[in-house]
Amino acid sequence: MTTLQSWIEDFRALGYDDAGILRVIPQDADGDSDTGLIAAQLRSVSTTFYVAPDTEPDATGWTVTFEPRETAAPLGSARVLALSGELAMLSALCAFLQARAEAFLASHP
């Protein structure tokens with residue numbers, strides 16, 4: 001979790017306006033591993049998501065999982081635009097985390 005928190009802090013330092021919504025939380029894992037994932041609630045629509053590493057062995061990719069909603073979420077054009085910015089930030093975050101994961105694995109064979 002410490003490594004992941006430092007990566008999130010580095011990502012925030014890049015200046016993404018929406019990166020303030022990101023937080024690292026403990027991930028349910030087998031054993032005593034210190035694993036985490038990234039969670040947040042979108043500002044433009046009340047949807048919670050989390051970002052976690054791919055589960056395949058030696059995978060370095062990251063995926064975004066949106067929690068299910070109980071109701072529809074109609075959005076006007078301004079909120080759709082805001083949502084697109086949040087989604088662009090999530091895409092950039094996944095690419096950033098993949099690059100960090102690849103560098104980490106390369107330096108810790």
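In the predicted model, Gly36 belongs to strand β2, which comprises residues 36-41. Gly36 counts as buried because its relative accessibility is 9%, below the cut-off of 20%. Beyond its sequence neighbours up to four places away, Gly36 touches Met1, Leu4, Ile25, Pro26 and Gln27. One of these contacts, that with Leu4, joins positions 32 residues apart in sequence, with a C-alpha to C-alpha distance of 7.1 Å.

Leu4 itself is located in helix α1. With a relative accessible area of 8%, Leu4 is likewise assigned to the buried class. When residues up to four places away in sequence are not counted, Leu4 touches Val24, Gly36, Leu37, Ile38, Trp62 and Leu97. The separation between Leu4 and Cys94 was also computed: these residues are 90 residues apart in sequence, and their C-alpha atoms are 12 Å apart in space.

The chain as a whole contains two helices and four strands. Their order along the sequence is α-β-β-β-β-α. The C-alpha trace spans about 50 × 30 × 20 Å along its principal axes. Of the 109 residues in the protein chain, 31% are buried. Among contacts with a separation of 6 or more, 48% are between residues 24 or more positions apart.

Confidence in the prediction was examined over the chain and by element. The mean pLDDT of the protein chain is 89, and 94% of the residues score at least 70. The highest confidence is found in α2, at a mean of 94, and the lowest in β2, at 89. Where pLDDT is low, predicted coordinates should not be read in detail.

The largest nonpolar core consists of 24 residues, and those with the most contacts inside it are Leu22, Ile38, Val51, Leu93 and Leu97. At least two residues of this core come from each of α1, β2, β3 (48-53) and α2. Helix α2 makes the greatest contribution, giving nine residues. Leu22 illustrates the contacts made by a core residue: leaving aside neighbours within four places in sequence, Leu22 is in contact with Ile8, Phe11, Arg12, Ile38, Ala39, Ala40, Phe49, Met89 and Leu93. Two of the residues touched by Leu4, namely Ile38 and Leu97, are also among the core residues with the most contacts.

The largest pocket holds about 550 Å³ of space. Its lining is formed by 22 residues, of which Trp7, Thr35, Pro53, Trp62 and Phe104 are the closest to its centre. Both α1 (2-13) and α2 (77-107) supply at least two residues each to the lining. By residue class, the lining comprises eleven nonpolar, six polar and five charged residues. Trp62, one of the residues closest to the pocket centre, is also in contact with Leu4.

The loops that follow β2 and β3 provide two further sites. Thr47 lies in the loop between β2 and β3. Thr47 is classed as buried because its relative accessible area is 8%. Outside its neighbours within four places in sequence, Thr47 is in contact with Ala40, Gln41, Leu42, Phe66, Glu67 and Arg69. Ala40, one of the contacts of Thr47, is also in contact with Leu22.

Asp58 is placed in the loop between β3 and β4 (62-66). In contrast to the buried Thr47, Asp58 is exposed, since its relative accessible area is 73%, above the cut-off of 50%. The backbone of Asp58 adopts a positive phi of about 65 degrees, although the residue is not a glycine. Most residues other than glycine have a negative phi.

Ala88 is situated in helix α2. The relative accessible area of Ala88 is 45%, so the residue is classed as partly exposed, a class that lies between the buried limit of 20% and the exposed limit of 50%. Ala88 and Asp18 are 70 residues apart along the chain, and their C-alpha atoms are separated by 9.7 Å.

Definitions and conventions. Residues numbered from 1 in each chain as written. Predicted model: local features only at pLDDT ≥ 70, side-chain atom pairs only at ≥ 80, totals over all residues. Heavy atoms only, no water. Buried < 20%, exposed > 50% of the residue type's maximum accessible area, 1.4 Å probe, protein only. Contact = heavy atoms within 4.5 Å. 1 Å grid on protein atoms, 1.4 Å probe; cavity = no way out; pocket = protein on both sides within 12 Å on 5 of 7 lines; lining within 4 Å. Points joined across faces, edges and corners; volume = space filled by probe spheres on them. Nonpolar A, V, L, I, M, F, W, Y, C, P; charged D, E, K, R; others polar. Core = buried A, V, L, I, M, F, W, Y, C linked by side-chain atoms within 4.5 Å. pLDDT = per-residue confidence, 0-100.
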